[in-house]
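Dear colleague,

Please find below the structure that I am handing over to you, with the sequence alongside. My notes on what was found in it follow directly after.

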Amino acid sequence: MRFDVVTIFPDYLRALDLSLVGRAVATGTLEVHVHDLRRWAHDRHRTVDGTPAGGGAGMVMRPDVWGKALDEVMGLDGTGSSTDGADPAPGRRVLVVPTPSGELFTQRTAEDLASAATITFACGRYEGIDARVAQHYRARGVEVRELSIGDYVLSGGEVAALVVIEAVARLVPGVLGNPDSVVEESHGADGLLEHPAYTRPLSWRGLEVDPVLVSGDHARVRRLRRDQSIARTAQRRPDLVAVLGASALDGADRAA
Ligand SMILES: Nc1c(O)cccc1[N+](=O)[O-]
């Protein structure tokens, strides 16, 4: 899978050189290309924004600059090549626009995006990107996903791009050393939060690890962990409980 990120703060994406994604890039499992939007702003001041039509505070990012950038990065500029000279990979291409007004990004969204061949992120700043950019690329047949990572105010889309890339990349075959790691996690297929995790020492400052966990009785361990997941979900995320089927909560001890 190839990720492209277009931003006015390319250094913000240096975290992608590290850890899981960095290792996957080094092994060739992933490609990550970060592009400075100002490359496509050709006036003397490399202007990328303008005052909002209709008035209001802040600035809006210009569609003409974004159009030139995204055409080239997504290989839509007629030459079929992107900025690094490589032809765009065949397969599903997605343009992601992080925005507070987008659909909520969840593990299900990550699982859906994991089948894409290329994902391009348009990271807005200021009051966001002129709405015609998403409209234009949808009209050209590009799959455009306007995504929110949560209901809070951020200064731009870069941190959201990091979140989405991490969540999607770990689902790409070959990125995780142990594919089983994807299964045992919160927000898994059963929709429950993950159970508490423990390790040694079994006794620490008067707090004991439940003896069931070291009993060797795998059936009891599974049951305990499921009960803990259900109790944790019911206490912390009643919104998730509301969408779970009744069977998912059958007979569990809901003590918090
Ligand atoms: N919440 C927010 C924002 O305030 C600005 C850009 C992107 C996001 N978001 O993806 O959630």
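**Backbone and side-chain findings**

Arg-46 is found in the loop that runs between strand E2 (31–36) and strand E3 (49–50). Please bear in mind throughout that this is a predicted model. The phi angle of Arg-46 is near 50°, which is a positive value in a residue other than glycine. With a relative accessible area of 42%, Arg-46 is partly exposed, because buried requires a value under 20% and exposed a value over 50%.

A second residue of this kind is Tyr-126, whose phi is near 60°, again positive in a residue other than glycine. Tyr-126 belongs to the loop between E6 and helix H4 (132–139). Its relative accessible area is 38%, so Tyr-126 also counts as partly exposed. As background, most residues other than glycine have a negative phi, and most peptide bonds are trans.

The peptide bond that leads from Arg-200 to Pro-201 is cis, and its omega is near 5°. Pro-201 is placed in the loop between helix H5 (158–169) and strand E8 (203–204).

**The ligand site**

Which residues surround the ligand? They are Pro-98, Thr-99, Pro-100, Leu-147, Ser-148, Ile-149, Gly-150, Tyr-152, Val-153, Leu-154, Gly-156 and Ala-160. Sorted by class, this shell consists of eight nonpolar and four polar residues, with no charged residue.

Several polar contacts involve oxygen of the ligand. A backbone N or O atom of Leu-154 is 2.7 Å from a ligand oxygen atom. In the side chain of Ser-148, an N or O atom is 3.3 Å from an oxygen atom of the ligand. For Leu-147, a polar backbone atom lies 3.4 Å from an oxygen atom of the ligand. The ligand taken alone exposes 290 Å², of which the protein buries 93%.

As to secondary structure, strand E5 (93–104) and strand E7 (143–148) are the elements that give two or more residues to the shell around the ligand. The most comes from E5, which gives three residues.

**Aromatic rings and a charge over a ring**

How many aromatic pairs does the model contain? The count comes to one aromatic pair. The pair is formed by Phe-3 and Phe-121, with ring centres 6.4 Å apart and planes at 35°; the pair is therefore tilted, since stacked planes are under 30 degrees apart and edge-to-face planes over 60. Phe-3 is part of strand E1 (residues 2–7) and Phe-121 is part of strand E6 (residues 118–122), so this pair ties together parts that are 118 residues apart in sequence. Phe-3 has a relative accessibility of 0% and so counts as buried. Phe-121 is likewise buried, with a relative accessible area of 0%.

Elsewhere, the charged end of Arg-39 sits over the ring of Trp-40, at 4.4 Å from the ring centre.

**A contact of helix H6**

Ser-229 is located in helix H6 (residues 218–236). Is Ser-229 buried or exposed? At a relative accessibility of 8%, Ser-229 counts as buried, because that value is under 20%. A polar atom of the Ser-229 side chain lies 3.2 Å from the backbone nitrogen of His-195.

With kind regards

Key:
Residues are numbered from 1 along each chain as its sequence is written. This is a predicted model: local features need pLDDT of at least 70, side-chain atom pairs count only at pLDDT 80 or more; totals for chains, interfaces and linings use all residues. Side-chain values use heavy atoms; hydrogens and water are left out. A residue is near a molecule or strand if one of its heavy atoms lies within 4 Å of it. A polar contact is a pair of N or O atoms within 3.5 Å; within protein, one must be able to donate a hydrogen and the other to accept it, and residues adjacent in sequence count only if both atoms are side-chain atoms. Accessible areas come from the Shrake-Rupley method with a 1.4 Å probe; for residues, only the protein chains shown count as cover. Helices (H or I, at least four residues) and strands (E, at least two) are DSSP runs, numbered from the N terminus. Ala, Val, Leu, Ile, Met, Phe, Trp, Tyr, Cys and Pro count as nonpolar, Asp, Glu, Lys and Arg as charged, and the others, Gly among them, as polar. Rings of Phe, Tyr and Trp (its six-membered ring) pair if their centres lie within 6.5 Å; planes under 30 degrees apart count as stacked, over 60 as edge-to-face and the rest as tilted. Buried means under 20% relative accessible area, exposed over 50%, partly exposed in between (1.4 Å probe, protein chains only). A charge sits over a ring if NZ of Lys or CZ of Arg is within 6 Å of the ring centre and within 35 degrees of the ring normal.
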